[in-house]
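Trainee: Hey, got a minute to go through a structure with me? I'd like to start with the charged side chains.

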Amino acid sequence: MKTLLIERLRKYASTLCLAVLSIAVTVSCSDYPIDEDGLLITSRADCYVSNFELLGTDYQTVRTRNPVIDTVACTIEVEVFFGTDLKNLYPQFSLVTDAKLEPKITGFVDFSDLNNPKSWTVVSGNRKVRKTYTVHVSVQQP
Amino acid sequence: MNALFNKLTLFIAIATLLTGCEDEPYQVPEAPGGLQNDVIKRSIGPNMVGEFIEFAYAMANKDVQLAEATVEASIPGAEGTWLEHRSYHTDGGGNDIGIPIGSPAVTTGNQTTVSFSTDTNAATLRYYYRVPEAARGQTVSFTFRATDRSGRTVSYDAGPYHVSRMDMALDLVVSDTESYISIEDMAIYSAEEAAAVPDKIDLVYLYRTIPNIAFGHAIVSPASDETYRPDVALPAGVNRSTKVQKAWNIRDRQLARLQFGVFVDDVDFQTLDLSNAPNYAVNLREEAGLWVETQDGRYRAYIFLNKLDNSVGNATISIKRYVL
């Protein structure tokens with residue numbers, strides 16, 4: 001009689017453990033912090049631009065050389081070929097892991113007003129550090 | 001006991017494998033009786049006025065020899081439409097070998113006919129339909145018909161096929177002396193010729209080597225800023241501002257005649273938006289292209305740069321044009 005009771009208890013205990021584990025997994029999965037864009041908010045505080053590209057309407061680079069990225073001054077300096085159509089340029093930022101860019105780049109951007117350079121803000125993975133980068137475009141001159 | 005079980009399992013597995021791998025006897029398919037026919041369209045891409053739409057028409061009757069093959073087009077083909085009087089097969093070297101099966105085709109109205117004069121039970125004839133001006137923007141259909149010597153007839157309907165509204169001009173050479181491009185005329189003019197038709201000149205070609213900048217080959221509007229057309233003395237009245245946008249990786253097969261399966265079609269021009277495009281393009285590259293819209297908004301075009309020659313400073317271009 002005692003043996004039977006122990007067997008039953010063991011069976012119920014394993015079922016109970018399984019149920020608790022399932023609930024724990026389900027609850028823990030729904031607790032990951034996600035921002036308004038559906039991106040994970042992580043613990044990373046790094047916040048910088050690692051590379052920058054500028055494409056023309058033919059989706060080919062218009063840079064004459066590598067961009068100069070100053071992560072302290074938060075500036076990007078890029079020289080483009082003579083005759084580049086500055087009204088239709090497609091900027092591409094490479095960011096540190098988990099960071100994101102604001103505002104989002106959804107298409108060609110008008111860089112023709114060289115006196116008023118465009119700016120984008122890099123937001124760190126933990127969404128607590130924000131750095132605004134300014135893109136200075138210059139045109140190759142004869 | 002365990003060993004016995006393992007042996008039994010292995011035996012069953014091997015037996016299953018052997019049974020599963022057994023070849024089923026192959027039987028050569030029986031050819032259907034009577035007169036048969038089939039058609040494939042060989043040409044691909046947009047069907048353009050002045051160009052060929054090519055078909056291969058196969059017909060066979062294992063019992064009775066063939067008498068006649070006819071193709072009827074819904075719109076009569078232009079001069080040059082013809083049906084092969086040779087039946088082709090491919091030899092071991094990949095060469096098409098044509099065997100004459102009758103006299104050359106006769107075209108009457110919208111029908112092209114070949115009469116068989118040799119004893120032939122099966123043939124594949126090629127049909128080349130040169131798209132006429134009347135078909136521009138229309139659809140065209142074809143009825144392929146074969147008749148055997150017993151008088152039986154079989155037919156195959158192909159299409160309808162849409163005919164593009166585009167025009168095409170290939171391998172126009174632009175240089176310092178022949179530098180004025182007219183989209184309306186799909187032609188290249190010298191400065192003297194351009195002076196006679198200034199309202200038709202949409203673009204100017206130039207090649208320059210300028211220190212410190214990458215200028216090279218350029219196609220610009222007459223109305224573009226002078227910095228983009230250095231040392232170009234425009235003839236009087238040549239002053240149009242044509243929108244130009246660079247393109248890359250659009251090596252249209254009909255313009256480039258390269259291996260790439262890319263085609264610029266009517267829909268590309270219908271959806272093209274050059275409202276924000278500049279009126280010049282410098283530092284051009286071979287095998288690149290330019291989307292163009294004329295100042296009056298009447299024409300859109302795609303200019304493909306077939307060849308750029310830095311040694312003599314000229315370029316070979318090909319144009320597809322769409323009338324809005």
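Mentor: Sure, one term comes up front: a salt bridge is a side-chain nitrogen of Lys or Arg within 4 Å of a carboxyl oxygen of Asp or Glu. B:Lys200 forms one with B:Asp185, where the closest N and O atoms are 3.5 Å apart.

Trainee: Where do B:Lys200 and B:Asp185 lie in chain B?

Mentor: B:Lys200 is in the loop between α2 (191–196) and β15 (203–208), and B:Asp185 is in the loop between β13 (180–182) and β14 (187–189), so the pair ties together parts that are 15 residues apart in sequence. Those element names come from DSSP runs, numbered from the N terminus: helices are H or I with at least four residues, strands are E with at least two.

Trainee: Is B:Asp185 buried or exposed?

Mentor: In between: B:Asp185 is partly exposed at 27% relative accessible area, and B:Lys200 is partly exposed at 24%. Buried means under 20%, exposed over 50%, and partly exposed in between, using a 1.4 Å probe and protein chains only.

Trainee: Before we go on, what kind of model is this?

Mentor: It's a predicted model, where local features need pLDDT of at least 70 and side-chain atom pairs count only at pLDDT 80 or more, while totals for chains, interfaces and linings use all residues. Residues are numbered from 1 along each chain as its sequence is written, chains are lettered from A and ligands numbered from 1 in the order in which they are written, and side-chain values use heavy atoms, leaving out hydrogens and water.

Trainee: Cool. How many salt bridges are there over all chains?

Mentor: The count is 26. One of them joins A:Lys100 and A:Glu36, with the closest N and O atoms 3.2 Å apart. A:Lys100 lies in strand β5 (residues 100–102) of chain A and A:Glu36 in the loop between α1 (2–29) and β1 (49–55), so parts 64 residues apart in sequence get tied together. A:Lys100 is buried at 7%, whereas A:Glu36 is exposed at 64%.

Trainee: Which residues are linked with A:Lys100 in a network of salt bridges?

Mentor: A:Asp35, A:Glu36, A:Asp37, A:Lys104 and A:Arg127 are linked in that network with A:Lys100. Over in chain B, B:Glu293 and B:Arg300 meet in a salt bridge at 3.0 Å, N to O, and both of these residues are buried.

Trainee: New topic: how many aromatic pairs are there over all chains?

Mentor: There are 25. Rings of Phe, Tyr and Trp (its six-membered ring) pair if their centres lie within 6.5 Å; planes under 30 degrees apart are stacked, over 60 edge-to-face, and the rest tilted. B:Phe55 and B:Phe144 are edge-to-face, 5.2 Å centre to centre with 65° between the planes. B:Phe55 sits in strand β2 (residues 52–60) and B:Phe144 in strand β10 (residues 139–148), 89 residues apart.

Trainee: And how are B:Tyr228 and B:Tyr280 arranged?

Mentor: They're stacked, at 3.8 Å centre to centre and 10° between the planes. Both are buried, B:Tyr228 at 16% and B:Tyr280 at 12%.

Trainee: Last one: how many salt bridges are there between chain A and chain B?

Mentor: The count there is 0. The contact (heavy atoms within 4.5 Å) takes 13 residues from chain A and 19 from chain B.
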